[in-house]
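Q: Please give me a close look at one part of this structure, starting from a single residue and the places it touches. I'm new to this, so plain words would help!

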Amino acid sequence: QVQLVESGGGLVQAGASLRLSCAASGRTFSSYMMGWFRQAPGMEREFVAAISRNGGVTVYADSVKGRFTISRDNAKNTVHLQMNSLKPEDTASYYCAANRGYSYYGNYDYWGQGTQVTVSS
């Protein structure tokens with residue numbers, strides 16, 4: 001089992017950048033595919049980005065491609081989401097998730113508590 005704790009959210013103006021971090025407990029972090037999801041009020045949770053176990057493959061939602069970058073450091077049990085050129089529509093709670101399986105987009109097994117990102121226009 002792995003526990004996930006997100007940090008780095010905040011209130012920023014449109015065009016600004018934020019870097020989210022997710023710290024994972026346990027010794028088997030490198031055995032999990034990691035992902036970021038987000039959920040805006042009244043909306044369903046949506047996929048944002050994911051990264052393979054060794055960091056060699058990354059996938060993104062079309063809405064963030066070219067603006068967001070996911071990365072991981074298996075030595076430090078962390079995964080990051082660098083968010084640039086933020087837009088008001090990026091406002092949401094952002095969740096880190098770990099997947100024991102092989103789907104980038106769903107079926108994640110463990111979730112963090114979320115961190116709020118608010119982008120003002």
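A: Let's start with asparagine 77: leaving out residues up to four places away in sequence, it touches Cys22, Ala23, Ala24, Ser25, Gly26 and Phe29, where contact means heavy atoms within 4.5 Å. Keep in mind that this is a predicted model, where local features need pLDDT of at least 70 and side-chain atom pairs count only at pLDDT 80 or more, while totals for chains, interfaces and linings use all residues. Residues are numbered from 1 along each chain as its sequence is written, and side-chain values use heavy atoms, with hydrogens and water left out.

Asparagine 77 sits in the loop between β7 (68-73) and β8 (78-83); strands are DSSP runs of E, at least two residues, numbered from the N terminus. Its relative accessibility is 16%, so it counts as buried (under 20%; exposed is over 50%, partly exposed in between, with a 1.4 Å probe and protein chains only). A polar atom of the asparagine 77 side chain lies 2.7 Å from the backbone oxygen of glycine 26.

Now follow the chain into β8, one of the strands that each supply at least two residues of the largest nonpolar core. That core has 38 residues, and Val79, Leu81 and Met83 are among those touching the most other members. A nonpolar core is a set of buried Ala, Val, Leu, Ile, Met, Phe, Trp, Tyr and Cys residues joined through side-chain atoms within 4.5 Å. Beyond four places in sequence, methionine 83 touches residues including Leu18, Leu20, Phe68, Tyr94 and Val117.

Key:
Helices (H or I, at least four residues) and strands (E, at least two) are DSSP runs, numbered from the N terminus. A polar contact is a pair of N or O atoms within 3.5 Å; within protein, one must be able to donate a hydrogen and the other to accept it, and residues adjacent in sequence count only if both atoms are side-chain atoms.
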